[in-house]
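Let's work through a few exercises on a fold, one step at a time. Have a viewer open, and try each task before you read its solution.

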Amino acid sequence: MPDNLIVPPPPSLHTTVRRSARPDLSRPVRVQVTIIVAAFVVGGLAAGLAAATLWTPPTGMVLEDKWYRGLISIDPPAIGQNIDQGVFAATAWFSVCAIVLGLLVGIAAAVWLNRSELVTLAAVTIGGAIGGALMLLVTSLLSPEDPNSLAKGAADGTVLEDSFQLASPWLVLLVPGSAMLALMVIFLMWAPHQEADPADQPDS
């Protein structure tokens, strides 16, 4: 055998070396998605707690096994001033907290987690839906029990608080909706002002 004969390495070893030299670009994307979804999870729990805390449950009295919101006296029957603190107030506080959560996470994702715009949009959509669902779950867990069921068998004049009720369960979509709005506004504002690549500029 000649001394100058070079034996090439096995194909499998050559392929393994080439593959190991490629950077793993999927790892930053996975980290980006994880951070966005985690932010919505934590934010959804905090926003649900805030909505339940800021809302003041209206009270009412039991009369003949039925609960009447705002009733403060049964002899004679009289309605108080907190009757408007029911579904309307609960819906308002839930909406405010949901919109604030969506805008904050959406702005943060657009500014600091914009490695891939499409991945950011998908993560915001999925994470926002999870955050809205967690908000609804927290408000339901912290809500007083349904006074209409508690009124059965209760003595007349028993004071009960109303439960946390929303005008529509679709209000959970306010979280991803407001987050996507923040994304689109920031992406549209930054796109025209991006500096051109120096390699694309003509030589003077």
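Axes here are lines fitted to C-alpha atoms, for helices over the stretch in contact, and angles run from 0 to 180 degrees between N-to-C directions. The model is predicted: local features need pLDDT of at least 70, side-chain atom pairs count only at pLDDT 80 or more, and totals for chains, interfaces and linings use all residues. Residues are numbered from 1 along each chain as its sequence is written, and side-chain values use heavy atoms, with hydrogens and water left out.

**Exercise 1. Take stock of the fold.**

Task: find how many helices and strands the protein has, and in which order the elements run.

Solution. Start with the assignment: helices (H or I, at least four residues) and strands (E, at least two) are DSSP runs, numbered from the N terminus. On that basis the protein has six helices and five strands. Next, read from the N terminus, where the order is α-α-β-β-β-β-α-α-α-β-α. Then turn to burial, where buried means under 20% relative accessible area, exposed over 50% and partly exposed in between (1.4 Å probe, protein chains only). Of the 204 residues, 30% are buried. Finally, look at contacts, meaning heavy atoms within 4.5 Å. Among those between residues at least 6 apart in sequence, 77% join residues at least 24 apart.

**Exercise 2. Describe how α3 packs on α4.**

Task: at what angle do α3 and α4 pack, and how far apart are their axes?

Solution. Two packed helices are described by the angle between their axes and the distance between the axes. For α3 (residues 87–112) and α4 (117–142), the angle is about 150 degrees and the axes are 11 Å apart. To classify the angle, use these cut-offs: under 35 degrees is roughly parallel, over 145 roughly antiparallel, 65 to 115 roughly perpendicular, and the rest oblique. The pair α3 and α4 is therefore roughly antiparallel.

Now list the residues that meet: Phe94, Cys97, Ala98, Leu101 and Ala109 come from α3, and Thr120, Val124, Gly132, Met135, Leu136 and Thr139 from α4. For the classes, Ala, Val, Leu, Ile, Met, Phe, Trp, Tyr, Cys and Pro count as nonpolar, Asp, Glu, Lys and Arg as charged, and the others, Gly among them, as polar. The α3–α4 contact then has eight nonpolar, three polar and no charged residues.

**Exercise 3. Repeat the analysis for α3 and α6.**

Task: how near do the axes of α3 and α6 come, and at what angle do they cross?

Solution. The axes of α3 and α6 come within 7 Å and cross at roughly 35 degrees. By class, the contact of α3 with α6 has 16 nonpolar, four polar and no charged residues. One of the α3 residues here is Ser95, and α6 contributes Leu174 among others. Ser95 counts as buried because its relative accessibility is 15%. Leaving aside neighbours within four places in sequence, Ser95 is in contact with Leu171 and Leu174.

**Exercise 4. Locate the nonpolar cores.**

Task: which residues of the largest nonpolar core touch the most other members?

Solution. A nonpolar core is a set of buried Ala, Val, Leu, Ile, Met, Phe, Trp, Tyr and Cys residues joined through side-chain atoms within 4.5 Å. The largest one has 26 residues, and Ile36, Phe40, Phe94, Val124 and Met135 touch the most other members. Elements giving two or more residues are α2 (26–54), α3, α4 and α6 (174–190), and α3 gives the most, with nine. Apart from this core lies another of five residues, among them Val62, Trp67, Ala154 and Leu160.

**Exercise 5. Check the unusual backbone angles.**

Task: what sign of phi do Glu64 and Asp65 have, and where do these residues lie?

Solution. Most residues other than glycine have a negative phi. Glu64, although not a glycine, has a positive phi of about 55 degrees, and Asp65 has one of about 65 degrees. Glu64 sits in the loop between β1 (59–63) and β2 (66–69), and Asp65 lies in the loop between β1 and β2 as well. Glu64 is exposed because its relative accessible area is 63%, while Asp65, at 42%, counts as partly exposed.

**Exercise 6. Follow a loop to a distant partner.**

Task: which residues does Pro57 touch, not counting those up to four places away in sequence?

Solution. First place Pro57 in the loop between α2 and β1. Its contacts are Pro144, Glu161 and Asp162. Pro57 and Asp162 are 105 residues apart in sequence, yet 5.6 Å apart in space, C-alpha to C-alpha.
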